[in-house]
Amino acid sequence: MLIEKSKVIEVLKGVIYFAKGDNIIDLGMLDELEISGRQIKFRLVFPRLGEPAVNIVSNAAEKALKEVFGPETQVEITPITEKEKGRGPLAGVKHIIAVASGKGGVGKSTVAANLAVALSRSGAKVGLVDADIYGPSVPIMFGIVDEGPGMVEKEGKQMIVPIEKFGIRLLSIGFFVDTDKPLIWRGPMATSALNQLLKDADWGVLDYLIIDLPPGTGDIQLTLAQSYSITGAVVVTTPQKVAFADVRRAATMFRQDKLTIPLLGLIENMAYFTPSDMPGKKYFIFGKGHGEGFANALGIPLIGQIPIVEQISESGDSGSPIALDEDSPVAKAFLEVALRVKSLIHN
Ligand SMILES: Nc1ncnc2c1ncn2[C@@H]1O[C@H](COP(=O)(O)OP(=O)(O)OP(=O)(O)O)[C@@H](O)[C@H]1O
Ligand SMILES: [Mg+2]
């Protein structure tokens with residue numbers, strides 16, 4: 001039987017990529033299909049490589065083609081990533097870092113915002129996405145509550161323009177989802193809003209895109225893991241003993257087969273108390289060494305320890321993250337965290 005392109009495409013329509021719940025043709029994964037004689041050659045574009053789905057889908061495609069065109073047919077499939085394909089607005093984003101926690105209120109947004117500032121101060125181009133549907137806080141922390149992102153047309157497509165503040169490109173899910181609506185309404189809107197923030201925004205060239213995730217484990221985390229190539233997650237915790245159960249849950253979730261976002265390490269927030277008039281003092285009011293113990297138990301590095309200081313809350317509310325204040329010891333702590341994150345990514 002003569003091998004025709006249209007027939008190959010028809011056969012490949014029967015191959016499902018389960019992570020996205022559709023066939024590989026309709027998902028736009030087929031690329032550079034070439035046919036010569038009895039040889040079929042093409043590339044398949046995946047969100048990322050190195051996960052079981054890549055082989056499963058590639059094998060299924062090969063099997064389906066051989067069944068139709070005969071076992072002697074040569075099928076050559078090269079899996080590539082969306083990034084290699086140079087596809088989409090995230091093509092210029094070198095690393096996506098997710099900031100996660102098992103439970104709310106541990107300082108995830110504080111860490112995400114200040115990590116973004118510290119990375120930026122270390123010379124990197126940085127973006128920050130607030131994906132916390134339960135309480136977006138990036139607009140407050142950066143003093144852009146009354147602003148809205150603009151739109152620009154690129155290649156015939158309307159793109160969202162991130163708001164730039166302190167040299168950081170910012171977008172919040174709060175700009176797109178009505179946070180006055182009950183959660184049951186917000187939930188389903190959240191994943192599509194997240195996709196918009198990532199796929200329909202003009203991020204340009206960035207070294208790091210930080211994502212402030214909602215606490216716990218839900219649809220947002222799942223969407224992120226399955227549809228994007230995340231460099232790694234940073235888990236934030238506090239030193240209280242009870243917090244460990246939450247950290248373990250978060251870590252376990254990121255290690256599930258269907259998720260597998262690499263864990264870069266743990267950040268212990270509110271690790272000790274430093275009074276503002278005694279910047280050299282450290283009071284370990286929740287006990288010492290918990291963060292290190294948690295990190296060891298999970299087999300991940302302790303990236304850093306952030307003290308409890310009053311100014312963090314004040315600076316958070318004033319729209320100017322504390323890491324911008326060069327004289328503050330907390331800014332130094334965040335700068336160290338930023339450098340450690342960099343070295344964990346690049347080694
Ligand atoms: N190291 C710190 N020292 C003092 N206050 C802090 C510190 N870290 C966070 N806070 C304060 O604790 C509160 C919770 O922090 P944050 O909003 O960053 O937590 P979160 O984990 O993002 O919470 P949520 O689950 O509500 O999103 C805020 O008022 C913040 O200013
Ligand atoms: Mg938060």
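**Exercise 1.** Does Pro215 count as buried, exposed or partly exposed, and why?

*Solution.* The model considered here is predicted. Step one is to locate the residue: Pro215 lies in the loop that links S12 to helix H7 (219-227). Step two is to take the neighbour count, which for Pro215 is 19 C-beta atoms inside 10 Å. Step three applies the cut-offs: a buried residue needs 20 or more such neighbours, and an exposed residue has 12 or fewer. Pro215 is therefore partly exposed. Step four turns to its surroundings: leaving aside neighbours within four places in sequence, Pro215 is in contact with Ser101, Gly102, Lys103, Gly104 and Lys108.

**Exercise 2.** Determine the class of Val205 and identify its contacts.

*Solution.* Val205 belongs to the loop between helix H6 (183-199) and S12. Its C-beta atom has 9 others within 10 Å, so Val205 is exposed. Apart from neighbours within four places in sequence, its contacts are Gly92 and Lys125. A further step compares sequence with space: Val205 and Gly127 are separated by 78 residues along the chain, while their C-alpha atoms are 9.5 Å apart.

**Exercise 3.** Explain why strand S6 (residues 93-100) is described as largely enclosed, and name its partner strands.

*Solution.* Begin with burial. Of the eight residues in S6, six are buried, so the strand is largely enclosed by the rest of the structure. Next, consider pairing. S6 runs parallel to strand S12 (residues 206-212), and six bridges join the two. Within this pairing, Ala98 is opposite Ile211. S6 also pairs in the parallel sense with strand S13 (residues 232-237), over four bridges. Here Ile97 has Gly232 as its bridge partner.

**Exercise 4.** Trace the strand pairing from S13 to S15 and state the handedness of the crossover between S14 and S15.

*Solution.* First, S13 pairs with S14 in the parallel sense through five bridges, and Val234 stands opposite Gly265 of S14. Second, strand S14 (residues 263-273) is mostly covered, since eight of its 11 residues are buried. Third, S14 pairs with strand S15 (residues 302-308), again in the parallel sense, over five bridges; Glu268 faces Gln305 in S15. Finally, the chain passes from S14 to S15 by way of helix H9 (residues 290-298), forming a β-α-β crossover that is right-handed.

**Exercise 5.** Describe the largest nonpolar core and the contacts of Ile210.

*Solution.* The general expectation is that nonpolar side chains in soluble globular proteins tend to be buried together. In this model, the largest nonpolar core contains 84 residues, and Ala98, Val99, Leu115 and Ile210 have the most contacts inside it. Taking Ile210 and setting aside residues up to four places away in sequence, one finds that it touches Ile97, Val99, Ala112, Leu115, Ala116, Val126 and Leu128. There is also a second, separate core of 16 residues, including Leu12, Phe46, Ala53 and Phe69.

**Exercise 6.** Which residues are closest to ligand 1, and how is its shell composed?

*Solution.* The shell around ligand 1 has 20 residues, of which Gly104, Gly107, Lys108, Ser109 and Thr110 are the closest. By type, the shell residues comprise seven nonpolar, 11 polar and two charged. By location, at least two shell residues come from each of helix H4 (108-121), S14, S15 and helix H10 (310-318). Two of the closest residues link back to the opening exercise: Gly104 and Lys108 are near ligand 1 and are also among the contacts of Pro215.

Conventions
Residues are numbered from 1 along each chain as its sequence is written. Chains are lettered from A and ligands numbered from 1 in the order in which they are written. This is a predicted model: local features need pLDDT of at least 70, side-chain atom pairs count only at pLDDT 80 or more; totals for chains, interfaces and linings use all residues. A nonpolar core is a set of buried Ala, Val, Leu, Ile, Met, Phe, Trp, Tyr and Cys residues joined through C-beta atoms within 7 Å. Two residues are in contact if their C-beta atoms, placed from the backbone, lie within 7 Å. Two strands pair if DSSP finds at least two bridges between them. A crossover is right-handed if, with the strands pointing away from the viewer, the path from the first strand over the helix to the second runs clockwise. A residue is near a molecule or strand if its C-beta atom, placed from the backbone, lies within 6 Å of it. Ala, Val, Leu, Ile, Met, Phe, Trp, Tyr, Cys and Pro count as nonpolar, Asp, Glu, Lys and Arg as charged, and the others, Gly among them, as polar.
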